[in-house]
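Here are a few exercises to work through with the model open in your viewer. Try each task before you read its solution.

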Amino acid sequence: MTDPQAPYGGISFAALAKEFGTPLFVYDTEVVAASYRRLRTGLQPSVDIFYSLKANPNISVCAFLRSLGAGAEVSSETELVTALRAGFAPEDIVFLGPGKRDAELEACVRAGVRAVVCESLGELRRLDEIAARGGRTAPLPVLLRINPAFPTAGSGLAMGGKPRQFGIDTEALLRARDLLAGLRSVRVTGVHAYLGTRYLQTEPIIRNTVGILTEAARIARALDVPLDTVDFGGGIGVAYFDSEKAPDIGAIVEGVNAAVDTFAQDHPRCRFIMEAGRCLTAASGTYVVRVLDVKESMGEWFAIADGGTHHHMAAVGLGSFVRRNFPIQVLDRAGRPDLPNAGQYTVTGPLCTPHDVLGKRVALPAVRPGDLLGVGLSGAYGPTASPGHFLGHGYPAEVLVHSGQAHLVRRRDTAEDLLSPQRLVEL
């Protein structure tokens with residue numbers, strides 16, 4: 001029987017840990033739906049939200065977002081297969097990435113995706129040749145990813161206005177009229193740009209959107225190409241740390257709508273794509289670990305858990321100059337103010353490396369072996385961005401809670417899973 005006071009659809013973390021073991025990731029569809037609708041509500045109907053599978057490619061998470069109305073943005077053949085099996089229609093899938101193999105381009109041709117995002121003029125030529133061999137009766141739609149000259153700021157990872165492996169420099173593209181005119185089996189239908197990630201402020205997102213739309217219009221005029229679609233990226237961030245403030249989704253939607261409305265005056269038939277990844281799934285997830293040991297070393301207390309950074313590399317703080325903790329709490333003793341606060345614990349995992357630290361000097365109640373700890377905001381860039389095979393621990397279980405029911409959506413790896421691809425040779 002469910003507990004109405006418990007998190008995750010009335011199911012306690014203790015019950016989830018008992019049924020599925022630890023470590024595990026737990027995702028709540030109610031939170032995913034709320035995050036999606038917060039962004040979708042108020043956006044112009046001409047703006048489509050495409051979910052970036054890189055954030056969390058679990059097929060059930062993807063299928064749920066598809067049921068809400070999201071499209072899919074994929075960057076590998078496996079992600080393409082995942083999206084198709086999750087129920088996304090090919091016309092609701094775009095494929096991007098700076099280094100696409102021929103096999104991936106061939107898969108896009110076979111599937112008939114909405115668009116392949118070409119990141120170089122050489123890739124555009126190669127795709128034209130592959131599409132010609134694929135026997136399509138109609139040209140394959142292509143978006144040209146541009147690397148605009150204007151600088152970007154306000155992001156944890158700015159990706160515009162500097163040399164990058166992503167996209168085609170705008171000025172180089174403007175010199176490619178003859179190449180575009182000679183295409184036979186692909187058709188340029190628009191422009192794509194992605195200028196940064198983890199934006200927490202409204203102004204940089206709106207400034208980037210306006211800048212991309214302006215560049216798209218300039219390219220369309222200069223090269224005489226249609227603008228059926230403009231993908232202006234997204235990059236909406238999540239406030240992981242105490243010093244951060246969550247982005248104002250309402251203000252972002254208002255600013256995007258204003259930019260789109262102005263652009264649509266000259267391009268009334270254009271549709272737009274806004275990419276979203278972590279902002280849709282991060283808040284839905286908790287990484288649940290069990291404390292195996294508690295020890296003191298030279299005045300510092302350690303809570304050593306059965307899961308660590310091999311499952312949740314984002315918690316290490318890669319890419320940050322200063323290490324900051326994701327939110328961590330004791331899960332199975334919530335609401336017990338009588339327990340003394342023992343101060344600070346460094347929460348570590350089972351790996352034989354000093355870098356296996358989930359949280360540094362985290363303020364927690366008195367922690368005991370057997371306690372469950374939860375790393376919050378863990379629904380994005382968890383297993384998918386972590387070295388799960390390190391030391392042979394393998395990837396953890398993943399559980400999706402929907403309408404008060406817990407569903408195992410990925411079983412944890414076994415030793416046989418990790419060893420089965422290997423071959424023992426007699427030397």
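The exercises below use a predicted model.

**Exercise 1. Check the length of helix α11 (residues 249–264) against the distance between its end C-alpha atoms.**

Solution.
- Start with the count: α11 has 16 residues.
- The expected span is 1.5 Å times one less than that number, so α11 should span 22 Å.
- Now compare: the end C-alpha atoms are 22 Å apart, which agrees.

**Exercise 2. Find which residues of α11 are buried and what covers them.**

Solution.
- Take under 20% relative accessible area as buried.
- Ile249, Ile252, Val253, Gly255, Val256, Asn257, Ala259, Val260 and Phe263 of α11 then qualify.
- Their cover includes two helices, α3 (29–40) and α10 (202–223), and the strands β2 (47–52), β11 (229–231) and β12 (271–276).
- Finish at the start of α11, where a side-chain oxygen of aspartate 248 comes to within 3.2 Å of the backbone nitrogen of glycine 250.

**Exercise 3. Describe how α3 and helix α4 (residues 59–68) are arranged.**

Solution.
- Two packed helices are described by the angle between their axes and the distance between the axes.
- For α3 and α4, the axes come within 10 Å and cross at roughly 45 degrees.
- Angles under 35 degrees would be roughly parallel, and 65 to 115 roughly perpendicular; α3 and α4 are therefore oblique to each other.
- The crossing of α3 past α4 is right-handed.
- On the α3 side, the contact is made by Thr29, Val32, Ala33, Tyr36 and Arg37, and on the α4 side by Phe64, Leu65 and Leu68.

**Exercise 4. Decide whether isoleucine 236 is buried or exposed, and list its contacts.**

Solution.
- Locate isoleucine 236 in the loop between β11 and α11.
- Because its relative accessibility is 5%, isoleucine 236 counts as buried.
- Leave aside neighbours within four places in sequence; isoleucine 236 then contacts Leu39, Tyr199, Ile205, Pro247, Ile249, Ile252, Met274, Arg278 and Cys279.
- Look at one of these partners: isoleucine 205 is 31 residues away along the chain, yet the two C-alpha atoms are separated by 7.8 Å.

**Exercise 5. Place arginine 198 and find a polar partner for its side chain.**

Solution.
- Arginine 198 sits in the loop between β10 (196–197) and α10.
- With 18% relative accessibility, arginine 198 counts as buried.
- A polar atom of the arginine 198 side chain lies 2.6 Å from the backbone oxygen of valine 238.

Key:
Residues numbered from 1 in each chain as written. Predicted model: local features only at pLDDT ≥ 70, side-chain atom pairs only at ≥ 80, totals over all residues. Heavy atoms only, no water. Helix = DSSP H or I, 4+ residues; strand = E, 2+ residues; numbered from the N terminus. Buried < 20%, exposed > 50% of the residue type's maximum accessible area, 1.4 Å probe, protein only. Contact = heavy atoms within 4.5 Å. Polar contact = N/O pair within 3.5 Å; in protein donor to acceptor, adjacent residues only side chain to side chain. Axes fitted to C-alpha atoms, helices over the stretch in contact; angles between N-to-C directions. Parallel < 35°, antiparallel > 145°, perpendicular 65-115°, else oblique. Left-handed = near helix turned anticlockwise from the far one by under 90°.
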